[in-house]
Every structure is written in C-alpha cells, then in structure tokens.
Amino acid sequence: MAINPIEAGKLSAPQTKPSEGGGAHFAEALTQFMLEVNSDQIKAGNQMKQLLVEGEGSIHEAMVAMNTAEGSFRLLMEMRNRLVAGITQLLQTRG
Amino acid sequence: MSFFTSLKVSGSALQAERLRVDLASANLANANSTRSPEGGPYRRRDPVLQAIPLPGSFGSELSRAVRMVNVQRIVIDPRPPREVFNPSHPDADEQGILRLPNVQAVEETVNLMNASRSYEANLAAIRMSREMAERALRMGK
C-alpha cells in the first residue's frame with residue numbers, strides 16, 4: 001500500500017466571501033436568537049404553570065421544555081460573555 | 001442544533017412510554033370489568049408506535065435520518081375473552097358463563113416493567129446529551 005505524503009501545497013485557507021453589511025446581519029441573527037431563547041423561556045414557564053396550577057400536561061414535557069430553555073439560555077450567556085470579553089480586549093489595545 | 005434535536009427525540013419517546021404505562025395500568029385496572037361502553041367485557045388495548053421524521057427537517061440527509069417516535073393508534077386485542085362459570089353474576093349468560101376481559105395480569109406487569117425501563121433509558125439519553133452540551137460550553141475555559 002502506498003502512503004502518500006501530506007501535500008501542504010494543496011491545502012489552502014477557507015475562502016470567505018466578503019459580506020455586505022455584515023454587522024447588521026450579525027445583529028439581526030443575534031436578535032433572532034435572543035427572541036428564540038425568550039420564546040423557549042416562555043414555553044417552559046407556560047408548561048410549568050399548566051402542570052402546577054391547572055394540573056394538566058406531564059412532568060417530562062415540562063422538564064424537557066425547561067432543559068431546552070436552560071440550554072439555549074446558557075448558550076446565549078456564553079455568546080454574550082465572549083462578545084464582552086472581545087470588546088474589552090479591543091478597548092485595551094489603545095493604552 | 002443537535003442538543004435540542006436529541007431533547008425533542010427523547011421527549012417524544014418519554015411521551016410514548018408514558019402512554020404505554022397508562023395503557024398497561026388501564027388494562028390491569030379493568031382486568032375484571034365485565035361491562036364497557038362498546039358492550040361486553042373490557043378488551044385490552046395496545047399502542048402502535050411509529051417512527052416519524054422531525055418536524056421541519058428538510059435539511060441534510062443526516063438530520064432527516066433522525067426519527068421521533070409517535071403513537072400512531074391504539075389497537076384492541078382480538079383475543080377472545082376469558083370464560084368462567086359463574087351463574088350468580090348479573091352479566092352471566094343463560095348457561096351461566098361469565099365473560100371476563102382478555103387481560104393477563106402477568107403480561108401487563110411485564111409490559112409495565114418494559115415501559116418503565118425504556119422510560120429510564122430515554123432519561124439516560126437526555127442526561128447524556130445534556131452533559132455533552134455542558135461540556136461543549138465549558139470548552140473555552
């Protein structure tokens with residue numbers, strides 16, 4: 001069996017398309033994601049309310065909704081932390 | 001997002017197993033019911049489970065391969081009712097034969113245990129994918 005050496009020349013950096021108005025697009029995506037996280041939270045709250053107050057629905061449905069809400073919220077928080085850390089680093093380049 | 005996908009899939013399985021437990025309990029509870037709205041003794045019920053694609057999964061081949069579980073319908077067991085001789089019972093026929101539901105307590109208990117173990121397995125799947133997501137979030141720390 002012939003073993004071919006890795007040909008570094010063939011590898012190239014991924015081509016990124018120049019985006020038009022990339023900033024606005026990112027802000028839009030972030031807003032959309034925040035809205036989705038919010039709707040997950042509301043859904044989980046409603047499921048809990050339905051289970052505890054009205055006595056309808058099931059425990060596992062409420063728990064799954066809460067897990068989804070928690071997961072998406074933590075992801076959002078992680079993204080926020082990264083953004084804030086990035087901006088702080090950027091601000092420190094002045095001094 | 002795979003964390004939410006697996007949550008959805010396992011959630012549907014929890015729902016299905018819950019229904020299996022409900023049906024087995026109903027079968028056990030009605031093991032001696034000689035009257036039913038359809039007439040005659042109660043007849044045991046079984047769920048028919050079906051694999052369905054995730055809602056809104058028109059993406060890649062891989063995401064379409066993941067299936068949720070759904071209770072398609074509930075079937076009535078066609079086995080004949082148990083017959084015992086009990087002329088004093090108001091539901092016995094002219095020969096004194098009383099028709100009891102076609103429910104076997106042992107069979108239902110095994111079904112209950114099976115459903116409960118499957119429920120547990122799906123909970124373990126949820127816990128596992130949750131842990132994986134948490135570990136992924138801790139990646140940069």
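Which elements of chain B have the lowest and the highest mean pLDDT? In this predicted model, helix H2 (residues 61-65) of chain B has the lowest value, 73, and H3(B) has the highest, 93. Over the whole of chain B the mean pLDDT is 89, and 96% of the residues of chain B reach 70 or more. The model as a whole scores ipTM 0.70 and pTM 0.76.

**Helix packing in chain B**

Helix H1 of chain B spans residues 2-29, and helix H3 of chain B spans residues 105-137. The axes of these two helices come within 9 Å and cross at roughly 165°. An angle over 145 degrees counts as roughly antiparallel, and therefore H1(B) is roughly antiparallel to H3(B). The handedness of the crossing of H1(B) and H3(B) is left-handed. Where H1(B) meets H3(B), the residues of the contact comprise 14 nonpolar, 8 polar and 3 charged.

**Chain A and its contact with chain B**

Chain A has 95 residues, of which 12% are buried. Its secondary structure consists of 2 helices and 0 strands.

The contact between the chains draws 10 residues from chain A and 9 residues from chain B. On the side of chain B that touches chain A, H1 and H3 of chain B each supply at least two residues. The largest share of that side, 6 residues, comes from H1(B). H1(B) thus takes part in the packing with H3(B) and also in the side of chain B that touches chain A.

The table sets out the residue classes for the two contacts, the second being the chain B side.

| Contact | Nonpolar | Polar | Charged |
|---|---|---|---|
| H1(B) with H3(B) | 14 residues | 8 residues | 3 residues |
| Side of chain B that touches chain A | 6 residues | 1 residue | 2 residues |

**The segment after H3 of chain B**

Is Lys141(B) buried or exposed? Lys141(B) lies in the segment after H3 of chain B. A residue counts as exposed if 12 or fewer other C-beta atoms lie within 10 Å of its own. Lys141(B) has 5 C-beta neighbours inside 10 Å, so Lys141(B) counts as exposed. Along the chain, Lys141(B) and Asn70(B) are 71 residues apart, and the C-alpha atoms of these two residues are separated by 40 Å.

Notes
Residues are numbered from 1 along each chain as its sequence is written. Chains are lettered from A and ligands numbered from 1 in the order in which they are written. This is a predicted model: local features need pLDDT of at least 70, side-chain atom pairs count only at pLDDT 80 or more; totals for chains, interfaces and linings use all residues. Axes are lines fitted to C-alpha atoms, for helices over the stretch in contact, and angles run from 0 to 180 degrees between N-to-C directions. Helices (H or I, at least four residues) and strands (E, at least two) are DSSP runs, numbered from the N terminus. Angles under 35 degrees count as roughly parallel, over 145 as roughly antiparallel, 65 to 115 as roughly perpendicular and the rest as oblique. A crossing is left-handed if the near helix is turned anticlockwise from the far one by less than a right angle, and right-handed if clockwise. Ala, Val, Leu, Ile, Met, Phe, Trp, Tyr, Cys and Pro count as nonpolar, Asp, Glu, Lys and Arg as charged, and the others, Gly among them, as polar. A residue is buried if 20 or more other C-beta atoms lie within 10 Å of its own, exposed if 12 or fewer, and partly exposed in between; C-beta atoms are placed from the backbone. pLDDT is the predictor's confidence in each residue, from 0 to 100. Two residues are in contact if their C-beta atoms, placed from the backbone, lie within 7 Å.
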